[in-house]
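Subject: Structure for your review

Hello,

Here is the structure I said I would hand over. Please open it first; my notes follow below.

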Amino acid sequence: MNRAAAARTYDDVNGWLAYQAFLPSDLRVGEPVRPVETRWAQPGMSVPIPEWDTPGPPLTVIALHGAGGHGRLMAPFCLAVRQAGYRSVAPDLPLFGLTDVANRAAVRYADWVALAADLAER
């Protein structure tokens with residue numbers, strides 16, 4: 001894996017913030033509402049998982065982006081979920097965003113499904 005890529009976070013790579021001006025103010029990412037970003041080691045990859053936590057019911061919504069996107073593009077949805085009183089996570093799926101993958105050619109759709117299933121179990 002590329003160690004330099006594994007160290008990157010969305011605090012360092014913030015081009016995704018450019019679309020914030022087009023959103024209603026209550027759905028914009030900023031202080032004090034910012035996700036906590038952790039990394040989850042999966043076989044052959046390191047996946048950034050932004051978590052939009054809130055005290056309240058023990059329900060977590062998993063927001064999955066489409067091809068060509070990444071988890072931070074789900075920020076407006078995750079903020080709306082948080083405002084409704086629930087926690088959400090929006091991982092960068094394998095090959096997208098800041099996910100670091102050892103062998104890009106080996107990644108398949110099944111890896112996306114496995115990641116989502118693993119998150120749901122946790």
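Two strands are taken to pair if DSSP finds at least two bridges between them. By that rule S2 and S5 pair in the antiparallel sense, over two bridges. Please keep in mind that this is a predicted model.

The sheet around S2

Strand S2 covers residues 45-52, and S5 covers residues 100-101. Where the two meet, Met45 stands opposite Val101 in S5.

S2 has other partners. Strand S1, residues 36-42, runs antiparallel to S2 and is joined to it by seven bridges. In this pairing Val36 stands opposite Glu51 in S2. The hairpin of S1 and S2 has two residues between the strands, and Gly44 takes a positive phi there, near 80°. S4 (87-89) also runs antiparallel to S2, with two bridges joining them. Trp52 has Ser88 in S4 as its bridge partner.

Is S2 enclosed or open to the outside? Seven of its eight residues are buried, so S2 is largely enclosed by the rest of the structure.

Helix H2

Helix H2 takes in residues 75-83, and its buried residues are Ala75, Pro76, Cys78, Leu79 and Val81. What covers these buried residues includes three strands: S2, S3 (60-62) and S4. S2 and S4, which are joined to each other by two bridges, are thus both part of the cover over H2. After H2 comes Gly85, which has a positive phi near 100°.

The aromatic residues

Pairs of aromatic rings are described by the distance of the centres and the angle of the planes. Taking rings whose centres lie within 6.5 Å, the count is two aromatic pairs. One of them is Phe96 with Trp112, an edge-to-face pair at 5.6 Å centre to centre with 80° between the planes. This pair links distant parts of the chain: Phe96 sits in the loop between S4 and S5, Trp112 is in helix H3 (residues 109-121), and 16 residues separate them.

Tyr109 and Trp112 are also paired: their ring centres are 6.2 Å apart and their planes are at 40°, so this pair is tilted. Both residues lie in H3, three residues apart, which is about one turn of the helix. As a rule, an α-helix has 3.6 residues a turn, so residues three or four places apart point the same way.

Phe96, Tyr109 and Trp112 make up one aromatic cluster. Within it, Trp112 has a relative accessible area of 17%, and because buried means under 20%, Trp112 is buried. Tyr109 is at 62% relative accessibility and therefore counts as exposed.

The largest pocket

The largest pocket has a volume of about 200 Å³. Which elements give two or more residues to its lining? They are S1, S2, S3, S4 and H3. S1 provides the largest share, three residues. The lining residues include Thr38, Arg39 and Trp40, together with Ile49, Glu51, Thr60 and Ile62. Arg87, Val89, Leu119, Ala120 and Arg122 also line the pocket. By type, the lining divides into six nonpolar, two polar and four charged residues. Glu51, which faces Val36 across the S1 and S2 pairing, is among the residues of this lining.

Regards

Notes: Residues are numbered from 1 along each chain as its sequence is written. This is a predicted model: local features need pLDDT of at least 70, side-chain atom pairs count only at pLDDT 80 or more; totals for chains, interfaces and linings use all residues. Side-chain values use heavy atoms; hydrogens and water are left out. Buried means under 20% relative accessible area, exposed over 50%, partly exposed in between (1.4 Å probe, protein chains only). Helices (H or I, at least four residues) and strands (E, at least two) are DSSP runs, numbered from the N terminus. Contact means heavy atoms within 4.5 Å. Rings of Phe, Tyr and Trp (its six-membered ring) pair if their centres lie within 6.5 Å; planes under 30 degrees apart count as stacked, over 60 as edge-to-face and the rest as tilted. On a 1 Å grid over the protein atoms alone, a cavity is a set of points where a 1.4 Å probe fits but cannot get out, and a pocket is an open set with protein on both sides within 12 Å along at least five of seven lines; lining residues have an atom within 4 Å of a point. Grid points are joined across faces, edges and corners, and a volume is the space filled by probe spheres set on the points. Ala, Val, Leu, Ile, Met, Phe, Trp, Tyr, Cys and Pro count as nonpolar, Asp, Glu, Lys and Arg as charged, and the others, Gly among them, as polar.
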